[in-house]
Structure formats: C-alpha cells, structure tokens
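Here's a quick briefing to read alongside the model. Have the sequence and the 3D view open as you go.

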Amino acid sequence: MRFLKEPEYSHGKIAKTAVVLINLGTPDAPTTSAVRRYLKQFLWDRRVVEVPRPIWWLILHGVILPFRSGQSAKKYASVWTKDGSPLKIHTQKQASLLKGYLGERGHEVQVAYAMRYGSPSIPDVLQKLKQDGCERILILPAYPQYSATTTASNFDAIAQHYQQVRNMPELRFVKNYHDNDGYIQALKLSIMNHWQTHGRPEKLVMSFHGLPKAFLLRGDAYHCECYKTARLLADRLGLGKDDYVVSFQSRLGRAEWLQPYTAPTVIKLAKEGVKRLDVVCPGFIADCLETLEEISMEVRADFLKAGGKEFNYIPCLNESPAWMRALAEIAEQHLIGWPTMITASVREEQKQHALISRAEAKRLGGEA
Ligand SMILES: C=CC1=C(C)c2cc3[nH]c(cc4nc(cc5[nH]c(cc1n2)c(C)c5CCC(=O)O)C(CCC(=O)O)=C4C)c(C)c3C=C
Ligand SMILES: [Fe+2]
Ligand SMILES: [Fe+2]
C-alpha cells in the first residue's frame, strides 16, 4: 500500500480548501438591545470611525448608542422577515449556492459565510474550518468595491484571529471585483429584466453606500472603484451620460461624506421635472436595511413628495443565477494553483487514506 505524503495530508487528514464569503453583519434581532450590541461593535472599529478613541467613546456611548439603537431597531423591524435579517438570509443562501456552482465547475471546496460584526463571527468560522481540517482558505469579501472601512476591516479581523493560532492555514484574500465582467453582466441582466417588465425610466440612479470624504482624500480607492463600476455598467446598458446619475447614500454624522448624496439628488431630479426614476444599488450584493428601507422606503417617499410620479427600486443581485455564476468565477480565479479539482487519482488516494486511518485507529485501540 502506498503511503500518503505531507503536506497535502498533514496530521493524517486530507487538507481541504475553503472559501469564506464575508459580509458586514447585522443585528440578531430588530430590537433596541440587539441593535445596540451590533452598533457598539461596528462603530468601535477604527477602520470605520477614525476619531481619536477617548472622544469617540464619549460620542458613541453618550449620543449615538442611546439614540440610534432605538431608531435603527424600528427600521430593521420594517424589513425583518420570518427567517431573520435579509442581509443574513441572502448571504447564507449565496454561500450554499456558491458551493454548488463551484462544484459544477469541478472544485471540491467547503464554503462558509461569516459576518464582520455579529454572528457567525469571523473567529468562530475560522476556528470551525481549522477543526474541519481546512488548510487553504480563500477569503471573499461581499464588497465589489474595495474600502478600508469594509474590506480592510475584514482583513484586520482575520489577522487578529491568527495572532492566537500557532499553525496557520494558507490564506488568500480577494481585494475587489468592481470591474469584473461577470459582475457587470449580472447587474446589466438584472436591470434589463426589470425594464422588460416595467419599461425604462427617465433616469437611472446608481446609489452606492457613502464614506466620509476625508477617507477618499487619505487614499481610499472606494470612490474611484464606484465610478468605474458605474461607467462599465452604463456602457454595458448603452446609457448616455444624461441617462444615469451616481450618488452616495447612508451618511452618518456631521462630517462631509462622498457627494452627491442620494436623497437630495432624487429630490432635485423630481423638482427638475423627472417623473420616473429607477434606483439600483450596485455596491450591495445582497439586499439589506440600506436598500430595502433607506432606498425603497425613505428615498422613494422623498421622490414622490417632491413631485415624482413613479419610483422603482431594482433589487440587489442576491441569488440571481448570473451573479452566482460570476461569484463562482471570481472565486475560481483566486483558487488557481490550489488542488481543488477532484480527479480520479485524488479520489483513489482519499479512499486509501480512509482505509489506512481506520486500520491505524483500530490498531491503537481507538475509534474507527
Ligand atoms: C461611520 C459609519 C459608517 C461607514 C463608514 C460605513 C461604510 C460602509 N457600510 C457598508 C455597507 C453596509 N452598511 C450597513 C449598515 C450601516 N452602516 C453604518 C455606518 C457606516 N457604514 C451603520 C450605523 C449601519 C447600521 C444601520 C444604521 O443604524 O443605519 C449595511 C446594512 C446592514 C444590515 O444589517 O442590513 C451594509 C450592507 C459599506 C459597503 C460601506 C463602505 C463602503
Ligand atoms: Fe454602512
Ligand atoms: Fe441607512
């Protein structure tokens, strides 16, 4: 019998590869206390808020948490489903579909999802993958556009986790996919499908989550990547520069954020006489509070109140087949060189390995 070699089969186990889809996170329930817990973790992240800690601690605990937790909880309650938070449900489904899409392409990988804030947490998921014998991990942030506040924050949490781990896995980290062809095509298909049923709007608003403007000035690539996504998508849809507008939503606090802001933009358009608007949020790959409540409820109301007549929110990519295929392709591009393809000879080695392990366990008097 042939013996299996290291490091492919280290510690007597077959080394496995995992892909981890990491999204922002969401509260465990639409209640003030759960939202407070979530915001406390989220807004204490130095990547998200760069204000010096003692000052920020006072603002966070004295103003933001006491006031915002209850307000945000009401908003969460308006989009919560019987299965929980939309963001979590979509992320969970995307991860499970991704395994299938990668499987169809011949890759045998474990696929997990984690949340940067809340649960399942990054350390818990990485710990579980270690127990499962995964020795190669591809991190796939759920953000097409890189930002230090989101993507780099994932990296921080991962690095912090491995500070406590002696035997680390091999790691790869996807930085962005704002210009990925499959992603742009999936967005195009989703918009065209919408237009086939509802007709075309006078203007298409592409609304991205905002950031403090200071972060752009300090070198964050996010703003630039949002504009590149918008330009590629407009080209793919055959839109002229007067057919669409890019804007930034979800501003928090008093500092200036990336402009133009979404709500004032749609109000201005309504006042200029635009009767029908469609809004799409290409930076969010899953519907969440920011799209379902802020855009589809608040911004819709702003537009109609300012004189607009028809407002359509075009849903996020969520689990659309074109998007799941694109996500699998993005993962696949980063799996190159890792032995994830299950060939007949690997299967045979796995079978032999299982036999050896069982025989060895029996010899030592342990469990098979
Ligand atoms: C300083 C504050 C914030 C920065 C910077 C920020 C950047 C940022 N956020 C997303 C994506 C999402 N944000 C979501 C919710 C959310 N964002 C902030 C604040 C900042 N975000 C808060 C306080 C909240 C919670 C809700 C609220 O109280 O308003 C969500 C939705 C989460 C959900 O549970 O549904 C997403 C997604 C990106 C992409 C980004 C920077 C590029
Ligand atoms: Fe946010
Ligand atoms: Fe918001």
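What follows covers the overall fold, the annotated site, the iron ion, one more histidine and the cysteines.

Keep in mind that this is a predicted model. The chain has 368 residues, and its radius of gyration of 23 Å agrees with the value near 21 Å for a compact globule of that length. The spot to zoom in on is the pair His209 and Glu290, which UniProt, in an unreviewed entry, lists under "binding site".

**Overall fold**

- You'll find 12 helices and eight strands along the chain.
- The C-alpha trace spans about 80 × 50 × 40 Å along its principal axes.
- Buried residues account for 49% of the 368 in the chain.
- Take the contacts between residues at least 6 apart in sequence: 78% of them join residues at least 24 apart.
- The accessible surface is about 18,100 Å², and carbon and sulfur atoms contribute 55% of that.

**The annotated pair**

- His209 and Glu290 come from the UniProt record, where the entry is unreviewed. They're spread over 82 residues of sequence but cluster in space, with a largest C-alpha distance of 8.1 Å.
- His209 sits in strand 5, which runs over residues 203-209. Its relative accessibility is 27%, so His209 counts as partly exposed, falling between the 20% limit for buried and the 50% limit for exposed.
- Skipping neighbours within four places in sequence, His209 is in contact with Tyr222, Phe248, Gln249, Ser250, Trp257, Phe284 and Glu290.
- Glu290 belongs to helix 10, residues 289-305. Glu290 is buried because its relative accessible area of 19% is under the 20% cut-off.
- With neighbours within four places again left out, Glu290 is in contact with His209, Gln249, Ser250, Phe284 and Ile295. So the two annotated residues touch each other, and Gln249, Ser250 and Phe284 turn up in the contact lists of both His209 and Glu290.

**The iron ion**

- Which residues are the protein donors of the iron ion (ligand 3)? They're Glu290 and Glu294, each through OE, lying 2.4 to 2.6 Å from the iron ion.
- Both glutamates lie in helix 10, four residues apart, or about one turn of the helix.
- Glu294 is buried, at 16% relative accessible area, and Glu290 is buried too, at 19%.
- Glu290 therefore has two roles here: a position in the UniProt "binding site" feature and a donor to the iron ion.

**Another histidine: His90**

- His90 is placed in helix 3, residues 86-104.
- Is His90 buried or partly exposed? His90 counts as buried, because its relative accessibility is 15% and the limit is 20%.
- Not counting residues up to four places away in sequence, His90 touches Ala286, Asp287, Asn318 and Glu319.

**Cysteines**

- A search of the whole structure turns up zero disulfides. Cys226 is in none, and the nearest cysteine sulfur, in Cys224, is 9.2 Å away.
- Cys226 is buried, with 0% relative accessible area.
- Why is the sulfur of Cys288 not bonded to the one in Cys316? The sulfur in Cys316 is the closest cysteine sulfur to that of Cys288, but at 6.2 Å it's too far for a bond, given that a disulfide needs the sulfur atoms within 2.5 Å.
- Cys288 is buried as well, with a relative accessible area of 8%.

Key. Residues numbered from 1 in each chain as written. Chains lettered and ligands numbered in written order. Predicted model: local features only at pLDDT ≥ 70, side-chain atom pairs only at ≥ 80, totals over all residues. Heavy atoms only, no water. Helix = DSSP H or I, 4+ residues; strand = E, 2+ residues; numbered from the N terminus. Buried < 20%, exposed > 50% of the residue type's maximum accessible area, 1.4 Å probe, protein only. Contact = heavy atoms within 4.5 Å. Donors = N, O, S within 2.8 Å, 3.2 Å for Na, K, Ca; no water. Rg over C-alpha atoms; globule rule 2.2 N^0.38 Å. Areas by Shrake-Rupley, 256 points an atom, 1.4 Å probe, with all protein chains shown as cover.
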